[in-house]
Amino acid sequence: MSGVTEDQALKRLRRLAQARAFGRHVGSDRLIQAALDALLADVDSPSLPLLAGLGRREEHEARELFDQVVEELGIGFEAPADPTAAKWALAYWLADQVVDGSLDPATGADLIWAEVALDLNYPEELRSVVMCAIQLADWDESRGIPLEQLKEEALRAVRELVERRGPETIA
């Protein structure tokens, strides 16, 4: 048994679908493993066993099968067509992962800075996250501020971003 609940498996599949919609590289091995975990967690979809059972030589089929699984389960996601809205959706998606603990605060703040704030011309709403990302990028032991303290500040800034978000959520 994988130790993953049905809800956790569905959340992981949804998160992978979102990552792909945002243009992130998601390896076939991750898609297959997520399908295997979902199958072991009793998630039911006609294409799920096909995806979970792919071998190394069949990995090229994983993306297409994953898309079928996502459609069958009704957990698909499309990034907004508007580039500005898509960047904000990416910021909130990254922030949600930091808040739920699946993404390190330093990494999340850095991604929000590099992949969102820069393209949106550093909006005020992202200022505290960007400042934390800069402090983390410049950190070294001689500064006298513990790295964990900076990560906690980044987590707080990201939480505030999530709390200020409007109703257009990507659950």
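**Close-up views of a predicted model**

**View 1. The structure holds three aromatic pairs (rings of Phe, Tyr and Trp, the last by its six-membered ring, with centres within 6.5 Å).** One of them joins phenylalanine 22 and phenylalanine 77, with 5.4 Å from centre to centre and 50 degrees between the planes. This pair is tilted, the class left after stacked (under 30 degrees) and edge-to-face (over 60). Phenylalanine 22 sits in the loop between α1 and α2 (28-40), and phenylalanine 77 in the loop between α4 (62-73) and α5, so named because helices (DSSP runs of H or I, at least four residues) are numbered from the N terminus. The pair links distant parts of the chain, 55 residues apart.

The model is predicted: local features need pLDDT of at least 70 and side-chain atom pairs pLDDT 80 or more, while totals for chains, interfaces and linings use all residues. Residues are numbered from 1 along each chain as its sequence is written, and side-chain values use heavy atoms, without hydrogens and water.

**View 2. Helices α5 and α6 (residues 105-117) lie side by side, their axes coming within 9 Å.** The axes, lines fitted to C-alpha atoms over the stretch in contact, cross at roughly 175 degrees, on a scale from 0 to 180 degrees between N-to-C directions. The two helices are therefore roughly antiparallel (over 145 degrees).

**View 3. Residues of α5 meet residues of α6 (heavy atoms within 4.5 Å).** From α5 come Lys87, Leu90, Ala91, Leu94, Ala95 and Val98, and from α6 Pro105, Gly108, Leu111, Ile112, Glu115 and Val116. By class, nine are nonpolar, one is polar and two are charged; Gly counts as polar, Lys and Glu as charged.

**View 4. The largest pocket (an open set of points on a 1 Å grid where a 1.4 Å probe fits, with protein on both sides within 12 Å along at least five of seven lines) holds about 220 Å³ of space.** Of its 14 lining residues (an atom within 4 Å of a point), the closest to the centre are Arg15, Ala19, Arg30, Trp93 and Gln97. The elements giving two or more lining residues are α1 (6-21) and α5 (83-99). Helix α1 provides the largest share, four residues. The lining has seven nonpolar, three polar and four charged residues.

Methods. Points joined across faces, edges and corners; volume = space filled by probe spheres on them. Parallel < 35°, antiparallel > 145°, perpendicular 65-115°, else oblique.
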